[in-house]
Amino acid sequence: MAKAQSVSPAFLGECDVVIIGAGIIGAMIARELSKLKGKFALIEKEAFPGFGVSKASLSQIHLPDFCPIGSLKGKLSANAPQRFKKLARELDLHYREVGEIWLALKQEHIENLWEAKKRGESNGARGYEIIGPEKIRQLEPYVTKKAIAGLYAKEPGVLYTPEWTFALTENAVQNGVSLYLGAAVTGIDKEDDHYYKVTTTRGQIRARYVINAAGLYSDEIAALLGDADIHLELRKGTMLIFDKSVSSLVRHMLFGTFSEKHSQDIAPTAHGNLILGVHYVKPRNKKDTSVSRENIEETFKLGKELVPALREKDMITSFSGILCTNNKASDGDFYIAPSEHAPRAIHVLAGAPGLTAAPGIADMVIRLLVEQGLKAEEKKVFHTRKESFPRFESAPLSKKEKMIASNPKYGHIVCRCEQVTEAEVINAIKRGVDTMDGVKHLTRAGMGRCQGSFCGSSVLKYLANTLGIPATKVTKKGAGSHHIVGYTKQGGESGAGEC
Amino acid sequence: MLKRSKLDIAIIGSGPAGLAAAVEADRRGVKNLVVFERDELPGGILRQCIHNGFGLEKFKEELTGPEYANRYIKMAESAGIDIELNTTVLEIEKDRTLTSVSEHSGLRKYECKSIILAMGCRERPRGALGIPGTRPAGIFTAGHAQRLINIEGYMPGEKVVILGSGDIGLIMARRLTLEGAEVVAVAEILPYSSGLIRNVVQCLNDYEIPLLLSHTVAEIHGDKRVEGVTLVKVDTDWNPIKRTEQYVECDTLLLSVGLIPENELSKQAGVLIDPKTGGPYVNDCLETSVEGIFSCGNVLHVNDLVDNVSNEGELAATGAYERIKGKTLGRERIMEVEADEGVGQVVPQKISGDRETIFYLRVKKPMGKMVLRVGENFEKKFSYARPSEMIRLKIPKKIFSQMGPSVSKLQIRCEER
């Protein structure tokens, strides 16, 4: 994958379509586009695909039962579970079909379930079942005794968004998409009737079509395109992660009540932890992903109400993500449409459920591009993604033996909490991961209960050695976030570090 | 099929507990034993503890961590004990089958007569505390920073705030200062230090590093790298007191906020864990709830002195030896030991009373003159007690003999006097 280093205003190239933003949606669009003939570019201001809001996602694939009937987001999410299952096969990725249960804890909430079922079905989803307390207890032995009814669906599932964003981007690049990381857009100018000149912190790109998939920054990109009337409303949601040792407490995605202040949601993660959310507050700004004590306590309360056995001491980390809605659509709906002022530019203003709707969004964007004049001619050869990173921890014993036989470094555990091997870490670095957070999100080294206390120094060394850079240049998440500041008095490049 | 071997004793971890257990088991004549070590060298966390103060009891001299470890490594080497390095134990089953993995030998299975758990502990990370704020680079647990400095030769930061006055945090305050970093302050949420007094004196006072008691970090600032923290005074319930916030500029935050016995493998094997210690329930031979599985050192409970860790290793090895020789481990009569009034935790939690027994316990809060009572017929006076200093209490066999056979519960409690 291309490395983000140069800052001179170099000319980076010319393309048919430039996608601004390599989050899950931008990456999904890039991969769909890469099936077509033409030149495409994907640019991202962060150091790695998915390092914006995508890495702070709940990582759940829902059915559109919480989307208003007839809404765009409802329509785009209708068959999301099937779409993701198919993509998982194509990309060799993990989709864990855990199913979901929307619980009613009070008599008056039962009606909400029927309404949700109706909404979901009207939006095109199938597979719902209203279940009673015995079935709930059978499916979820630790759920609150207050649960008297549930809306159950088998196919919704969980995945790990950073892993998917990376895989989609990798597959797009494999099929010819140019990727520019660490490239923040600073200007978009109409060069002539056919081309835009997109200026980034890494250089300039000429493009005929511009896709604004910049997430939280899509209002700023819109303004650069001349659409100054697009505004975003932000909400910050806090989520908690619990240790794998308590994962038996929850087997399905469990939902309770929803309001402006919260979405009550506790679920297994793709990797077998539990995730609990979501308590919402207004962030100070787009970068405000801070978590307060109060956020944590409020979030914890949400979980305890659904699963009383949940204990705060089993929480291993907390984080927050920022959601947005736009002023162009009502009821918090998506706005995916050509620019009102800039020809051949398309705005993708999504929000929740952006991940769920991403495949549908990519289809819609391509349809809009065609309507705007892009010739959509399929390539003769589309390369399927090479095998995903084989994971040692989840492999059965016989597969583990084969992995070690093929590469003995699979026998060397680097991260003890998640049982991540040296081979996996080196693999990821060789496939383009160049930060500590990148290694963490793609291999899970540092993601477990010790949060990198034990393996951090090893990961640092593997990054430095494999990338051929001094350890002082290794960062957590891109420029300015260096892990260490220098060497000890007796340390140094050939000092105490080499033992 | 995986290669399977039979072992008399498998020891997991070659830190001070595992090494002492191995040397003791060998001394008693157990030769078919293997020590499993995931790191590249034996010694465990002692390898990075280059300060002195180790071994005052065991060797009657002051050694550094690596020196202390080397004493045992040499004993193990001269006894020809097999230490499998770079080898991780992936799983232990209830029937004491163990699966290990390494680059050099791949996957292996061992059927063991006894297993001694000596995996040590891990540090409580930021996430578990829920410290508010952003998530920039520059936040380390104290032990991670210690490894970076003492083993890798890297400086984690230049201007440092330390949260928590655990011993590693105190040791790191001095270490960072000696390496030229500025340690701005050590903040401790409790009204007293959670480390040993000698460490407060030698690592903070001697370097004029302020120890802010009843303080915590209210917020972490910085987008890419830590830029500062907000410190705040707290009341007795740890609630922040308004208008006591102060912003402190720094590029690094070190956390020394507690150690957690690392019992994931133990739990897999079905070993029951005492929520008070975070380690297994054990009897007076340090045998866990699963027959033939023993536990010692920081995986049993977090110790403050390495000498005690070594003693526990030896005791666990004795128990494992007796077990494989088919001796009963005093299971005929069992007294439950209970941490009662004023006592936070105690090990062992079950005893037979048929041998001299050492109890390791911690008081709940700092106390002045106090008396510790064990059951009805033993007491010992102390001039003071602190939670940070583990109390070692040796009870002779005759005390247990004096208790009637009907006594099935032994309460340990302390009272101010």
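**Chain architecture, interface and local backbone features of the predicted model**

Chain B contains 9 helices and 28 strands. Its radius of gyration is 22 Å, close to the 22 Å that the globule rule gives for 417 residues, so chain B is as compact as a globular protein of that length. The structure described here is a predicted model. Along the principal axes, the C-alpha trace of chain B extends over about 65 × 60 × 40 Å. Of the 417 residues in chain B, 59% are buried. Among the contacts of chain B with a sequence separation of 6 or more, 61% are made by residues 24 or more positions apart. The exposed surface of chain B amounts to about 16400 Å², and 49% of this area comes from carbon and sulfur atoms. Chain B carries 55 positive and 58 negative charges, and the mean positions of the two groups are 5 Å apart.

Chain A is built from 13 helices and 21 strands. A compact globule of 499 residues would have a radius of gyration near 23 Å, and the value for chain A, 23 Å, agrees with this. The C-alpha trace of chain A spans about 65 × 60 × 45 Å along its principal axes. Buried residues account for 60% of the 499 residues in chain A. For contacts in chain A between residues at least 6 apart in sequence, 71% connect residues at least 24 apart. Chain A exposes about 19500 Å², with carbon and sulfur atoms contributing 51% of that area. The side chains of chain A include 67 positive and 56 negative ones, and the centres of these two sets lie 4 Å apart.

The two chains are in contact with each other, through 53 residues from chain B and 56 residues from chain A. In chain B, the residues that lose the most area to chain A are B:Glu103, B:Arg135 and B:Tyr154, which together give 16% of what that side buries. The size of an interface is often given as the accessible area lost when the parts come together. Between chain B and chain A, the buried area is about 4400 Å², and carbon and sulfur atoms provide 55% of it.

Within chain A, helix 12 covers residues 436-443 and is mostly covered, with 7 of its 8 residues buried. The buried positions are A:Met436, A:Asp437, A:Gly438, A:Val439, A:His441, A:Leu442 and A:Thr443. These buried residues pack against three other helices and a strand of chain A, namely helix 6 (161-174), helix 11 (422-430), helix 13 (456-467) and strand 20 (420-421). Just after helix 12, A:Arg444 adopts a positive phi of about 80°.

A:Phe258 belongs to strand 13 of chain A, which comprises residues 253-258. With a relative accessible area of 39%, A:Phe258 is partly exposed. Apart from its neighbours within four places in sequence, A:Phe258 is in contact with A:Trp102 and A:Ser263. A:Arg235 is 23 residues away from A:Phe258 along the chain, and the C-alpha atoms of the two are separated by 14 Å.

Cis peptide bonds occur in both chains. In chain A, the bond from A:Gly277 to A:Val278 is cis, with omega near -15°. A:Val278 lies in strand 15, which runs over residues 274-281 of chain A. In chain B, a cis peptide bond links B:Val347 and B:Pro348, with omega at about -5°. B:Pro348 is located in the loop between strand 22 (343-347) and strand 23 (350-351) of chain B.

Positive phi values were also found at residues other than glycine. A:Ser59, which is not a glycine, has a positive phi of about 65°. This residue lies in the loop between strand 2 (40-43) and strand 3 (60-61) of chain A. The relative accessibility of A:Ser59 is 5%, under the 20% limit, so A:Ser59 counts as buried. In chain B, B:Leu286 has a positive phi of about 65° and is likewise not a glycine. B:Leu286 is placed in the loop between helix 7 (264-268) and strand 20 (293-295) of chain B. Its relative accessibility is 3%, and B:Leu286 therefore counts as buried.

How values were computed
Residues are numbered from 1 along each chain as its sequence is written. Chains are lettered from A and ligands numbered from 1 in the order in which they are written. This is a predicted model: local features need pLDDT of at least 70, side-chain atom pairs count only at pLDDT 80 or more; totals for chains, interfaces and linings use all residues. Side-chain values use heavy atoms; hydrogens and water are left out. Helices (H or I, at least four residues) and strands (E, at least two) are DSSP runs, numbered from the N terminus. The radius of gyration is taken over C-alpha atoms; the globule rule is 2.2 Å times the number of residues to the power 0.38. Buried means under 20% relative accessible area, exposed over 50%, partly exposed in between (1.4 Å probe, protein chains only). Contact means heavy atoms within 4.5 Å. Accessible areas come from the Shrake-Rupley method with a 1.4 Å probe; for residues, only the protein chains shown count as cover. Lys and Arg count as positive and Asp and Glu as negative; His and the chain ends are not counted. The place of a charge is taken as NZ of Lys, CZ of Arg, CG of Asp or CD of Glu. Buried area is the accessible area (1.4 Å probe) that two parts lose on being put together, summed over both.
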